[in-house]
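Me: Could you take a close look at one part of this protein for me? I'd like the helices and how they pack, in plain talk.

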Amino acid sequence: NKSGVGKQTILDLAEKLQKNDLKNETTLREVIHELSKMTGKEVSKEKEDKIVEAVVNDKVPKDIDKMI
């Protein structure tokens with residue numbers, strides 16, 4: 001409720017995450033765009049590229065906030 005994001009939207013995203021391979025660049029970019037819309041935070045192309053590169057190459061830091 002605090003986020004303003006509907007329960008069904010969150011459930012749909014969770015299902016997408018479970019059913020898809022996040023190593024797939026297209027899927028990962030779709031998830032990034034959906035999260036951007038949900039949170040109201042714009043993700044620059046540069047940040048998106050860095051996130052994709054980190055996830056695909058298993059370089060995601062333990063503290064994800066450092067990436068954003």
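In the protein chain, where is confidence lowest and where is it highest? Please start there, then go on to the core and serine 36.

Reply: Sure. Keep in mind that this is a predicted model. Over the protein chain the average pLDDT is 81, with 84% of the residues scoring at least 70. Confidence bottoms out in helix 1 (residues 7–19), where the mean is 80, and peaks at 91 in helix 3 (residues 45–56).

Now for the core. The largest nonpolar core has five residues: Leu28, Ile32, Ile51, Val52 and Val55. Helix 2 (25–39) and helix 3 are the elements that each put in two or more of them, and helix 3 gives the largest share, with three residues. Take valine 55 from that set: once you skip the neighbours within four places in sequence, it is in contact with Leu22, Lys23, Leu28 and Val60. Leu28 is thus both a fellow member of the core and one of the contacts of valine 55.

Then there's serine 36, which also belongs to helix 2. Serine 36 counts as buried because its relative accessibility is 17%, and the cut-off for buried is under 20%. As for its surroundings, serine 36 touches Lys41, Glu42 and Val43 if you leave out residues up to four places away in sequence. With lysine 41 there is a polar link to look at: the serine 36 side chain reaches the backbone oxygen of lysine 41 at 2.5 Å.

Terms used: Residues numbered from 1 in each chain as written. Heavy atoms only, no water. pLDDT = per-residue confidence, 0-100. Helix = DSSP H or I, 4+ residues; strand = E, 2+ residues; numbered from the N terminus. Core = buried A, V, L, I, M, F, W, Y, C linked by side-chain atoms within 4.5 Å. Buried < 20%, exposed > 50% of the residue type's maximum accessible area, 1.4 Å probe, protein only. Contact = heavy atoms within 4.5 Å. Polar contact = N/O pair within 3.5 Å; in protein donor to acceptor, adjacent residues only side chain to side chain.
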